[in-house]
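Colleague: I should like to learn how features of a model such as this one are read from its coordinates. May we take them one at a time?

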Amino acid sequence: MKRLERWHMFFSIHQMKAKGLKISQIARKLNVSRNTVYKYLSMNPDEFKQFMEGMETRKKKLDPYEQRIIQWLREYPDLSAAQIWDWLKEHHPDIEVGESTVRSYVRMMRKMYGIPKRVQQRQYEAIPDPPMGEQMQVDFGEMKMKNLQGNLVKCWFMTFVLSHSRQKFVHWQDRPFVTKDVIDAHELAFAYYGGMTKEIVYDQDHLLLVSENYGNLILTHEFAVYVRHRGFHVHMCRKQDPESKGRIENVVKYVKRNFARHRIFISVDKLNEDCLAWLDRTGNALIHHTTKKIPAEVFALEKQHLRPVPEKMQTPSTSITRTVRKDNTIWYEGSRYSVPLGTYDGTSKEVGIRVNESTLQIHDVDTGEIIAEHERSQRRGQLIQNTNHRRDRQKGIAAYFESVRRQFPDPDLASSYLEEIRRLHPRYTRDQLQLIQKTLDQAFQEAVDQALRYCVANRLYRAVDFADAVNHFSNSCEKTSSDRSHVTQLSGVDPAKWKAKPQIRDVEIYRRILRGG
């Protein structure tokens, strides 16, 4: 509220009180709280002036972040206060501020800087919460995000929520879901929850349902096999009946608005990692506005009522497929598994995987040949890599080392010198050898030998130092060679003439010449 408006309210309250209006009547007419009326009536103009001056100088807790909040609001006017609160916690982990404080501050900033927000609300029919461990709801969503280059990237996600505790789980993909992906997402969700519910509620999706057939559900073959194996009951919502799965629809909206909106896309792995952190930090950690409880705390009780999932899902005859990533790994159950170098060929190459209790086999989808086998990881976010799948970065270095060593006039001294370079610069051994090789190709052997001994004596174990030393001694060698080029050796001359001596004149003769005599 601006200063002039506060003064106007102050005088209006006192005038109405003088006319005999009651406190509640004044509060209703001015649309303020009764506490405000009491506070303004308790002050005279001088006291109110001091109060106003104190209001102007008082600092707010979020003032240090004002410019950043304004930048967010101007760039994304549809941001909610809840998402700004989450972003503040993400970018400033040490901040201690409540949601109501952020909401009031954002409201004030919007009014002060003229950044309005249009609020759209959707109404749902209230449905009583089912018992613990009874029901889970599932739905799909998609979102466009900008990548580091500023281009739009479309991502798809699948969300799960326990109907009683409102505990959420989200899994992202950079391609549309197929039935096998849906099954994998279920397994990830069951692992995240540590169990499954008796009933799962779905929308009528072509990945799961072929036909409703007047109440008789005809599931897709792969999904029907999975449901039979896991033994949970499927509840398909009727068409145009979103209220029956309102909980999951709220989750889809929540994920889009609070987590995904305006987020920069780096990779699908990074997206899933950030989303799990968001669930722990915000999605499942804040008080639910309907239940007035924290989902994570209620889930700690509901988890005891979930049905156990004792065995992993056996892969059907048509194995699960995965796309080989450019770093020659595949993604499965939140971890990366390596394949031999060269499996990635620059295209969207797919491989099949067969899952057992403790192992994971990766095979060629065309020939069926097993190309990799790994121990299954029990933790998410791990890189499981066979040693024979890693590039031998020392392969070729030994041969290159020996080739360069042999080009020195003194190979034994060069060997100890090059070994020390390799010890001090292990990551750049090849680069060091390349510069030394280039220097050797352009230098005199004498200069190379002198430079080597100089570098060893002065402990100069860098290729650039060796190159500078060779350049210095090469200049000396060229000068010496140039001086010697003016001397003509005697050849084919009588050796007796070598002993001939020139005539030596007396110095007095030169003096007479200089005097003109």
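Colleague: Is Phe-177 buried or exposed?

Modeller: Burial is judged from relative accessible area: under 20% is buried, over 50% exposed, and the range in between partly exposed, using a 1.4 Å probe and protein chains only. Phe-177 has a value of 8% and is therefore buried. Please note that the model is predicted: local features require pLDDT of at least 70 and side-chain atom pairs pLDDT 80 or more, while totals for chains, interfaces and linings use all residues. Residues are numbered from 1 along each chain as its sequence is written, and side-chain values rest on heavy atoms, without hydrogens or water.

Colleague: How many aromatic pairs are there, and what is the geometry of Phe-140 and Phe-177?

Modeller: Two numbers describe a pair of aromatic rings, namely the distance of the centres and the angle of the planes. Rings of Phe, Tyr and Trp (for Trp the six-membered ring) pair if their centres lie within 6.5 Å; planes under 30 degrees apart are stacked, over 60 edge-to-face, and the rest tilted. That rule yields 27 aromatic pairs. For Phe-140 and Phe-177, the centres are 5.7 Å apart and the planes stand at 65°, so this pair is edge-to-face. Phe-140 belongs to strand E1 (residues 135-147) and Phe-177 to the loop between E3 and H8, so that distant parts of the chain, 37 residues apart, are linked. Helices (H or I, at least four residues) and strands (E, at least two) are DSSP runs, numbered from the N terminus.

Colleague: What kind of pair do Tyr-202 and Phe-223 form?

Modeller: Tyr-202 and Phe-223 are edge-to-face as well, at 5.5 Å centre to centre with 90° between the planes. Since Tyr-202 is in strand E4 (residues 199-202) and Phe-223 in helix H9 (residues 221-230), the pair ties together parts 21 residues apart in sequence. Both Tyr-202 and Phe-223 are buried. Elsewhere, Trp-7, Phe-10, Phe-11, Tyr-40, Phe-48 and Phe-51 make up one aromatic cluster.

Colleague: Which residues touch the most other members of the largest nonpolar core?

Modeller: Nonpolar side chains tend to be buried together in soluble globular proteins. A nonpolar core here is a set of buried Ala, Val, Leu, Ile, Met, Phe, Trp, Tyr and Cys residues joined through side-chain atoms within 4.5 Å. The largest has 48 residues, of which Phe-160, Trp-172, Tyr-193, Tyr-202 and Phe-232 touch the most other members. Strand E2 supplies the largest share of this core, eight residues. Apart from it lies another core, of 25 residues, including Phe-401 and Val-404.

Colleague: Phe-401 is a useful point to follow up. Which residues of helix H13 are buried?

Modeller: In H13 (residues 397-405), the buried residues are Ile-397, Tyr-400, Phe-401, Val-404 and Arg-405. Viewed down the helix axis, they fall within an arc of 135°, so they line one face of H13; the arc is that of the directions from the helix axis to the C-beta atoms. Ala-398 and Ala-399, on the other side, are exposed. The cover over the buried residues includes helix H14 (411-424) and helix H15 (429-441). In addition, the charged end of Arg-422 sits over the ring of Phe-401, 4.4 Å from its centre. That description requires NZ of Lys or CZ of Arg within 6 Å of the ring centre and within 35 degrees of the ring normal.

Colleague: What do the buried residues of H12 pack against?

Modeller: Pro-295, Val-298, Phe-299 and Glu-302 are the buried residues of H12 (residues 295-302). Their arc around the axis is only 105°, which puts them on the same side of H12. They pack against strand E2 (152-162), strand E3 (168-173), helix H8 (179-193) and helix H11 (268-283), where contact means heavy atoms within 4.5 Å.

Colleague: How many salt bridges are found?

Modeller: Side chains of opposite charge can pair when their charged atoms come close. The criterion is a side-chain nitrogen of Lys or Arg within 4 Å of a carboxyl oxygen of Asp or Glu. The whole structure holds 24 salt bridges. In one of them, Asp-274 and Lys-270 meet at 3.4 Å, N to O; both lie in helix H11, four residues apart, about one turn of the helix. Lys-270 is partly exposed at 32%. Asp-274 and Lys-270 also belong to a salt-bridge network with Asp-86, Glu-90, Arg-263 and Arg-281. Another bridge joins Glu-402 to Arg-406, with the closest N and O atoms 3.0 Å apart. Glu-402 is partly exposed at 27%, and Arg-406 is exposed at 59%.
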